[in-house]
Amino acid sequence: MAKVTAEALPWLSAPSTGHALFTQPPTSPPPPSTTGELTPSRLIATRGAELFFGRGNEVRCGDLQDLKARHPQLAGAASTVGHHAHRRLHLPELDWEIRALEVSGDGLYLAVAGETEVAVIVLPGEGFIKRDGRPGREGPLVVPHYRRVGRSCHNVDVGARVVRLLWHPLGVEGAALMVLTADGYLRSYEFLMGSEPSFELPESTFDLVAMRGGKRQGGYTADGDEMVPASMCFADGPEGWRPFTLYILMRGGDIYGLSPVVPSRWNTTAQHIQQLTVDITADLEDADETISQDMRTALRQQIKWINDVLNQRNQMDAAYDALATPKTCLTRPSNVGPTPALQGPFLFRPAPDEFDIDDCYAACDLFHIEVDTAGILGVIHSHGKLDLCIEPDALPAKWEGKLRRPTPTAELPVISGFQTLDLNIRDPRERNSENTNWPVFVRDVHSAHILFVQHAAGVAVFSMQPWIPTLQRMLADADESLLARASPTAVQHIVTGKSSLSGSAVLYEAYVGYLLLAAHASGVASVEFDEPPSASPDSATAPDDTFALLPATPRAPRQPAPRHAPAPSHPPAAAAAPPPHIPPVSVLQPPYTPSPSFSTPSQLPRFLASAKAQHGAATISGPFLFSTASNALLAAARATLKAEYDALMSGAQHLHDRAAAQRLEFGKQLKTLHAVDARLRELQERRVKERFERFLERQEELRKRADVVLRTLVVRGEVGLSDAERRWGAEVGKVRERVEGERGFGRRVEEVGRMLEVLKMSGNGGSGGKGRGGHGGEGEEGEVSEEVRRERVKGLFEMLRREGGVVESTRKRLEGLEVDVERA
């Protein structure tokens, strides 16, 4: 179990953009629920380092890498690169309160559930969330597609409470959504973009009450309290039919199974299909006269089903070989089914322990993991009871027949109650936790054997790693007695003292770290863990190397969990236990700690003292006489010595293995050091340090020059003229020259005006002379007649009018060009 290294991360605490993502109230809050019924709350979903959070009727999103990198307390990031705000998805049609979010396996879809409503969103590509997220530009993020799902089934008028959403792991392009409602219906939707009916009508509908043999009469069922679903999960691992198996948990604690649950369009690996074919063939060969008729029918149906799948796979391979266009997925076989039979309820043999608590509680959530050929089923209850059960065999595939008959008790699936834990998440004053607390499981990203439990007041974590190796040895040796000596499950409370937890998630990213985020009424609780020492995410460590639960201090050293050597009593009940299994030694394990058997006092003196008190001192110190009592005493002494000897040899073997591994590791480290030293000498000869310093100086100089250029561009904001604008300006200059230049129209107008004045003066002078001389119509010799001068003046006026018109039109054109230039 990982160690807590930090709590209340600053970039997710107030005041910060990360904190506002969880606390800022919605813009248009939806109306409150009128029923007030409790439903599971899963309001946090992740896609890589991207986080989606539901608040009211808003789906908010943020990139954790961006939120951490731009936090002001991290190297002054906000002062240099700006502080981005969180975004919300643009969903104007979503007008109800969100209760759960679920991201598909390929990260393409986001399923949104309210109390009774369901919707699906096609998410933008990764990286779009942090675009244009600066203050003033943090508008809603438009999504490619948004659709309500099953509006005739999931609505506020006639719809039942939605208790669980799951994306089918085998669905093509992650587009198969399973919806479980509190009225006992399980619906499967398979979405196709551009096909509206695929969003409205379920592809498959399973009536769990009818499949169990009950009858609905006006929405009421006689065994309705027993068939109220609480949660569901798909089986883990590739063993047998487990990839097609769906487990359903009822509020009363019963567990049912459906297998095979297959979408109409699905896909899996060729290796799994071949392995499933081998398993079905082996089951058919092992069948004898004692199996029931129902099992024989199931085997025949399995053979038909797998033959159909193999034919489809062969057709796909043949199309690839022929360079034709092959099918991209498999279709659900139609020769059997298609409705799987509801198997259960599971029989608990032995049954889990019960707590003597005055509380009305209910089952809330379940999980399934695979360990070798067995499975582990876990169930959490509202008052904190955790049942861990072992499933010896995978659930076989069965289909419904024409007549639904109750399953005989002898053929019901069986699971074994292994451990029952009290997580201490219940308020001692609470007497009705069924209506106040709905804990759910949250998967760990590093190990399938570690799970977190989100409850109303915090988050707890439990680890099955201490006893998983014992279970593996039990399966390998077929010795069930090993489980009696298995170590207990480790439990730790990570987040406490909160109220109204609405969602939690565990994620890991190289820059962000290994985090637990838990949203509550007043903000978000953030916890950072130390990365696990093993590189394998799902590897289980042996009990010798299990870490003890440590306090949440940043520098708490790792300590191995305490072990207690067995103290044999007199007389021993059984022979000495076999030596514990020594796992392969790795340098990634914690520091070596000597075995407690080295310092544990021998039990032989205590045994001898007990034997003297029981048989007398003469029997122990006197001559040895063969008898029944002396033989029993000698056998007991031998068993005591054998147990201590085995413990010492086990510790010595462990010490020898660690020393050998340490010697090999030291040799590798020395070789690495020699290689690094040779590399350093080579680099020194190349004067890399001087070249690197010159490079840094040059880089700093270029950075300063770039800053000056960028500052100039930002401050001035000047935009240069294009080629068309420059040509337009040259044309305006030419027109101006023609109008106002030396030989322009303006000068010509002035010259014509002067000529007109001269002619007017000449005309006035001639008329005066004639009057004074007293002559009649004939003029003097050499003078211009009155008619000629009048014609010339008339011609000059006409010329002046034309020139004035040209000047006026040119001036108007010039003014128009100047206006166009100013607008450009």
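The following exchange introduces aromatic pairs, ring-bound charges, a helix and nonpolar cores in this structure.

This is a predicted model in which local features need pLDDT of at least 70 and side-chain atom pairs count only at pLDDT 80 or more, while totals for chains, interfaces and linings use all residues. Residues are numbered from 1 along each chain as its sequence is written, and side-chain values use heavy atoms, leaving out hydrogens and water.

Trainee: How many aromatic pairs does the count come to?
Mentor: Rings of Phe, Tyr and Trp (its six-membered ring) pair if their centres lie within 6.5 Å; planes under 30 degrees apart count as stacked, over 60 as edge-to-face and the rest as tilted. By this rule, the number of aromatic pairs is 21.

Trainee: Is the pair of Trp266 and Trp305 stacked or edge-to-face?
Mentor: Trp266 belongs to strand β19 (residues 265-266) and Trp305 to helix α7 (residues 293-321), 39 residues apart; helices (H or I, at least four residues) and strands (E, at least two) are DSSP runs, numbered from the N terminus. The ring centres are 5.9 Å apart and the planes differ by 20°, so by the cut-off of under 30 degrees the pair is stacked.

Trainee: What is the relative accessible area of Trp305?
Mentor: Buried means under 20% relative accessible area, exposed over 50%, and partly exposed in between (1.4 Å probe, protein chains only). Trp266 counts as buried at 1%. Trp305 is also buried, and its value is 2%.

Trainee: How many residues apart in sequence are the parts tied together by Phe441 and Phe462?
Mentor: The two rings form an edge-to-face pair, because their planes stand at 70° with centres 6.2 Å apart. Both Phe441 and Phe462 are buried. Phe441 lies in strand β27 (residues 440-443) and Phe462 in strand β29 (residues 458-463), so the separation is 21 residues.

Trainee: Over which ring does the charged end of Arg251 sit?
Mentor: A charge sits over a ring if NZ of Lys or CZ of Arg is within 6 Å of the ring centre and within 35 degrees of the ring normal. The charged end of Lys68 sits over Tyr511, 4.9 Å from the ring centre. For Arg251, at 4.0 Å from the centre, the ring is that of Trp438.

Trainee: Against which strands do the buried residues of α8 pack?
Mentor: In helix α8 (residues 468-477), the buried residues are Ile468, Pro469, Thr470, Leu471 and Met474. Contact means heavy atoms within 4.5 Å. The strands they pack against are β23 (363-371), β24 (374-381) and β25 (385-391).
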